[in-house]
Amino acid sequence: MDPVKKYVQEQKDRFVKELAGFLRIPSVSAKSERREACRQAADFLLQELGRLGFSTSLHETPGHPIVTASRMDDPAQPTVLIYGHYDVQPEEPLDLWTSPPFEPRIVNGNLYARGASDDKGQLYAHIKAVETLIRTEGKLPVNVTFLLEGEEEIASTHLEAFIEENREILQGDVAVISDSSQYGPGMPAICYGLRGICADEIRVQGANRDLHSGSYGGAVPNPCNVLCEIIAKLKDETGRIQIPGFYEDVLELEAWEREAFAALAGDDEDFRRQLGVAGLHGEEGYTTLERKWARPTLDVNGLFGGYSGEGAKTIIPAWAGAKITMRLVPNQQPDKIRHLFREYVRRVAPAYVTVSFVDHSGGGPVRIPRDAPFMNTAVQALEYGFGRKPVFIREGGSIPVVSTLERKLGLKTLLLGFGLPDDNAHAPDEKFSLADYERGILTSARFLQLCAKTAGAETR
Ligand SMILES: [Zn+2]
């Protein structure tokens, strides 16, 4: 057995135990009361990478700290930049978890905990891969820099400025991120496209206070009603977004992509049934995969205002709000879309209310060419780790750092997803399969080995 596989086999139980320790830290970046926990998660990584001989730094930001760690074992070898995030999504709704989200449990070969798959488990697989190489070979075959942030789930607010200011320590030849998923169980995938995001909030203000709906109702605007009217104008019944100019920069799907997506397509009826939804709905003229991977969206994520407590309360609320996200596809740009969105909302809003907006940030979409550096290396590494050639997929979610790495460092990113689509990322009962954890470790170790230039040979 090759030494990498042997070491991973022998150390497997400890690798799981250590990951569980990382998962026990409730590093929810969105909650201010979890600030200390986020710092603790950063410290955990710092210490672990320090023990592995990396030179580590904790970089303060106005939000949660960023961890960098590098080991330059041979300046003649390429440098691989591995990005991951130690923050996790809020755990709510708690009552839908089978066991507490920050008390990791193994059931049927799956490790259940918030962050198990997104992204602590996947990022930790890379750390265990470098440990494996260091312990079996005495050093790393290539240079490795980790860039680990704690604000991915809140739009990586301070990452871009950090990367801009720390370009020298982040130089590399290729970036690797494992924060997406396989196409299905035992179907490893390389993700070559990501949607971007533009997150905004609409606030509609009516009177200067809540009013008695009997005494005032019918004579003053109701912000909750008005907000619903505005939202109803954002899309038509065919799923087409009504904001003028919204589709202007959309890169249409190429014929080969529509074919490749069709070959990967699952059964819509199965999909519908799994979700328990009465019917699927999306933009007309596109398949489910095309809608999820390559078409832009506009969704209300939350509506608030007025009274929603027990029983009835007869008021005309003073204000109402909605959180909205638009998923963007190449080559839509978040700033332009935000501008178009606000312009349209202002135009359709009646003059008898006041409309304002809150910017919840955004990130650009990405498309990585099939002939990007080290793409073939990644194919081989996944084949080694998973025992099967990967398929090429796109992903509907956003990983804003990918576009930042390209713009600021000129790095192409390889998205090697070790998780599964049903890992319940962002949802109750999040899990990560222990088999995938192990395959991820093997893949990462193999990738780093194959990235090394051998004497007289070009990069494989
Ligand atoms: Zn993530």
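V176 touches V80, I82, L414, L416 and F447 in this predicted model, leaving aside residues up to four places away in sequence. Its place in the wider picture is the nonpolar core: the largest one has 82 residues, and V80, V176 and L448 are those with the most contacts inside it. Helix α12, which spans residues 434-451, supplies the largest share of this core, with nine residues. A second core, separate from that one, has 28 residues, including C224, F246, W319 and I324.

Now let's turn to a small sheet and the helix beside it. What is the order of the strands in this open sheet of three? The order is β4-β5-β18, and the pairing is antiparallel. In general, strands of a sheet pair through backbone hydrogen bonds, in either a parallel or an antiparallel way.

Here are the strands with their residues:

| Strand | Residues |
|---|---|
| β4 | 105-107 |
| β5 | 110-112 |
| β18 | 431-433 |

Strands β4 and β18 are the edges, each pairing on one side only. From one strand to the next, the twist averages 30°.

Looking at one pair of strands, β5 and β18 run antiparallel and are joined by three bridges. If you would like a spot to find in the structure, try L111, which stands opposite F432 in β18.

Where does helix α12 lie? The helix lies across β5 and β18, and runs at about 65° to β18. This is the helix that gives nine residues to the largest nonpolar core, so you can follow α12 from the sheet back to the core where V80, V176 and L448 have the most contacts.

Key:
Residues numbered from 1 in each chain as written. Predicted model: local features only at pLDDT ≥ 70, side-chain atom pairs only at ≥ 80, totals over all residues. Core = buried A, V, L, I, M, F, W, Y, C linked by C-beta atoms within 7 Å. Buried ≥ 20, exposed ≤ 12 C-beta atoms within 10 Å, placed from the backbone. Helix = DSSP H or I, 4+ residues; strand = E, 2+ residues; numbered from the N terminus. Contact = placed C-beta atoms within 7 Å. Pairing = 2+ DSSP bridges. Axes fitted to C-alpha atoms, helices over the stretch in contact; angles between N-to-C directions.
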